[in-house]
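Open the structure in your viewer and keep the selection tool at hand. Each stop below says what to pick next and what is there.

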Amino acid sequence: MTRNVVITGLGAVSGFGLSVDAFWQGLSSGTSAIKALNGEAQGTSIKVGATVPEYDSTQHFSSSDQTLFDRFSQFAVIAAREAIADAGLTVGDDIVSRAAAIIGTGCGGKQTDEETYLQLYKNQRKRVHPLTIPQGMPSAAASAVSMQLGIMGPVFSITSACASGAHAIAQGYSMIKSGMAEVVVVGGTDTPFTYGLLKSWEALRVLTDDTCRPFSKDRRGLVLAEGAGMIVLESEQHAKQRNAKVYAQLTGCGMTADADHVTRPNQTSIIAAIAAALQQAGLTTSDVDYINAHGTGTQLNDRIETSAIKDVFAEHAMKLAVSSTKSMHGHAMGASSALEFIATVLTLSNQLIPPTANYTEADPECDLDYVPNESRSKTIDTALSNSFAFGGLNTVLALSRY
Amino acid sequence: MQFKIIQEVIAKETGCSISDISPDSRLEDLGVDSLSAITILFQLEDRLDIDIPSDDIDSIVKVSDIIDKVNELCETTE
C-alpha cells in the first residue's frame, strides 16, 4: 500500500519574528527582513543580515534551559513547539512521544564554541563552563527538541551545509514512506552571527554589502540570516484518522552530489536532482507550476540554476514561475532550506507565489519568470523547492496541492 | 564570606532562596542534580580561583561539604 506523506504543521523563526504568520506576512507582501546590522558584525566588513528581531530567551525558556540550550537549539525548539501546536498535537500525547525528530544544521552550536574559545585563547581563562559539550554539539538542537517536546522515537541531526534542512525533510519523508514512523518533526536551524563565522564568510567573498537580489543582473552576493524552520510530516492515513488539517503533500525528494568543486554548483548534478524528484513524485515537467529556487543571489549560482531549470523543463521553463525567497528571509544556512520548504507549502495552500524581492534589472543569462517584487495569485498544483549546498550536496523536494 | 558566595551560587543555579540554604542543607533537597552540581562547582572555581579535584565531587552531599572543601582549597591557595 502506498503511504503518502502530508504536511500538517509548520513553525518558523526568522528575521520576520517568531511565527509562521509573521514569516508568511513578510514573504507574501514582498517585504525583506534584511536590514543593516548593528553590533552583530562588529570588526567585519559585513553590513547587512537578517537577524531575529528582539529575541528574549527568558520569554521562552527557564533559567537552567537558557544555560543548557545554545541559540541554535532555542530557535529549533521554538519553531518545533509552533509546528506541533499547529498540527493540533499536544506535548505529552502518545502521538508526539512516539514521533521522530530529524533536525538539520549547517553550523551547530557556534555561539557556545566561539564563546569558549574566546575565554580560553583570548582571555586566558583556565576553565570553561561544564555544559560546553552538550550546549555546542551539532546534535544539541535535536536533543533539545526531543527533551522539550517529549519526542522519544528516532531523533538525530543531519548536516549538509545549506541543504541540511532539506535533507532532514527528505529523511523524514523516507521514514514515513518506509513505515518506520507515522509522525516526524523535521527542519533546520542555524545561528551564524558569531565573529569567527562572520569573518570566515567575509573571507569567502560571496556576501553582498547591499541586499540580496537573486536573478537580478546587479546581484552581488548572498546575505546571511539566522532562524529555524520546523515541519510536521505525517502519513496521510494517520492524518486522516485524527482529522488533521493538511497543508500539502510531499511527493518526492531528489538528492544528488556533485563530486566536483566545493563551491561552484554543478549543473549536471542539479539537473539529476530535479529529475529524480520529478520521477519519485510521478510528475512530468509540464506538471510543475512553481519552483522555490535555491537563488542565493551570487552571479554563479543564479546563472547555473537558471540554466539547469531551462535544461530540465525545456519550453515549459518559460511558463513556470520561479522565485527566491532568500531575497526576503536571507540565507539562514541549514535553516534556509526548511524555511523555503515552508514558503513553498504556503504557496500551495494559499495559491499565492511569494516574489523575488529587490529585483531591479533583467539579466540575459537569467531569463525566467522570477515573479519580481510582487506576490502573484495563481493556480499552483505542483511545486519544487531547490537546495544546493556548498560541497555539492543537492536536494530537490516536490510538493503537491492537497 | 565564602559561605555567602556558596549560597549565591547555589541559589542562582537552583532557584532556591538564599535563606533556605544552610550548611546542613542536603544538595539533593535543594534540587541539585549531577549536572547542576558540576555547574555550581565550576562557578565556585571561577569566582574563587580554586581547582576542585574531580575525585572530591562524589563526597559532596551537604552544603557544609562544599564549605569545608572550599575553605581547605582557599587556605592552600593563600
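Start with strands S1 and S7 of chain A, residues 227–235 for S7: the two pair in the antiparallel sense over eight bridges. Remember as you go that this is a predicted model.

**Stop 1: strand S1**

Select residues 5–13 of chain A, which form S1. Is this strand mostly covered or not? It is mostly covered: nine of its nine residues are buried. Now pick Gly9(A), and find Val232(A) of S7(A) opposite. Next, add strand S8 of chain A, residues 248–257. S1(A) pairs with S8(A) too, in the antiparallel sense, over three bridges. To see one of the links, select Val6(A) and its bridge partner in S8(A), Gln249(A).

**Stop 2: the whole sheet**

Widen the view to the open sheet of ten strands in chain A. Step across in the order S5-S4-S6-S7-S1-S8-S14-S13-S9-S10; the pairing is mixed. Which strands are at the edges? They are S5 (155–158) and S10 (321–323) of chain A, each pairing on one side only. From one strand to the next, the twist averages 25 degrees.

Zoom in on S6(A) and S7(A). They pair in the antiparallel sense over eight bridges. Val186(A) is a good place to look: Ile231(A) in S7(A) stands opposite.

Now show helix H14 of chain A, which packs on the sheet. H14(A) touches S1, S6, S7, S8, S9 (290–292), S13 (382–389) and S14 (393–401) of chain A. The direction of H14(A) makes about 170 degrees with that of S13(A).

**Stop 3: the cores**

In soluble globular proteins, nonpolar side chains tend to be buried together. Select Ile7(A), Leu10(A), Ile231(A), Leu233(A), Leu250(A) and Phe341(A). These have the most contacts inside the largest nonpolar core, which has 56 residues. Which element gives the largest share of this core? Helix H14, residues 336–350 of chain A, does, with eight residues. Domain 1 (5–241) and domain 2 (251–401) of chain A both contribute residues, so this core lies between them.

Stay with Leu233(A) and show its surroundings. Beyond its neighbours within four places in sequence, its contacts include Val5(A), Val6(A), Ile7(A), Ile169(A), Tyr173(A), Val186(A) and Leu250(A).

A second, separate core has 34 residues. To find it, select Val13(A), Tyr55(A), Val77(A) and Ile84(A), which are among its members.

**Stop 4: the two domains**

Colour domain 1 (5–241) and domain 2 (251–401) of chain A separately. Their C-alpha centres lie 21 Å apart. The contact takes 61 residues from domain 1 and 61 residues from domain 2 of chain A. How much area is buried between these domains of chain A? About 4,700 Å², of which carbon and sulfur atoms give 71%. Select Trp24(A), Phe215(A) and Arg219(A): they supply 19% of the area that domain 1 of chain A buries against domain 2 of chain A, more than any other three residues.

**Stop 5: a glycine in a loop**

Finish at Gly179(A), in the loop between helix H8 (164–178) and strand S6 (183–190) of chain A. Is Gly179(A) buried or partly exposed? Its relative accessible area is 41%, so Gly179(A) is partly exposed. For a last distance, add Thr306(A), 127 residues away along the chain. The C-alpha atoms of Gly179(A) and Thr306(A) are separated by 36 Å.

Conventions
Residues numbered from 1 in each chain as written. Chains lettered and ligands numbered in written order. Predicted model: local features only at pLDDT ≥ 70, side-chain atom pairs only at ≥ 80, totals over all residues. Heavy atoms only, no water. Helix = DSSP H or I, 4+ residues; strand = E, 2+ residues; numbered from the N terminus. Buried < 20%, exposed > 50% of the residue type's maximum accessible area, 1.4 Å probe, protein only. Pairing = 2+ DSSP bridges. Core = buried A, V, L, I, M, F, W, Y, C linked by side-chain atoms within 4.5 Å. Domains from an automatic or database assignment. Contact = heavy atoms within 4.5 Å. Axes fitted to C-alpha atoms, helices over the stretch in contact; angles between N-to-C directions. Buried area = accessible area lost by both parts, 1.4 Å probe.
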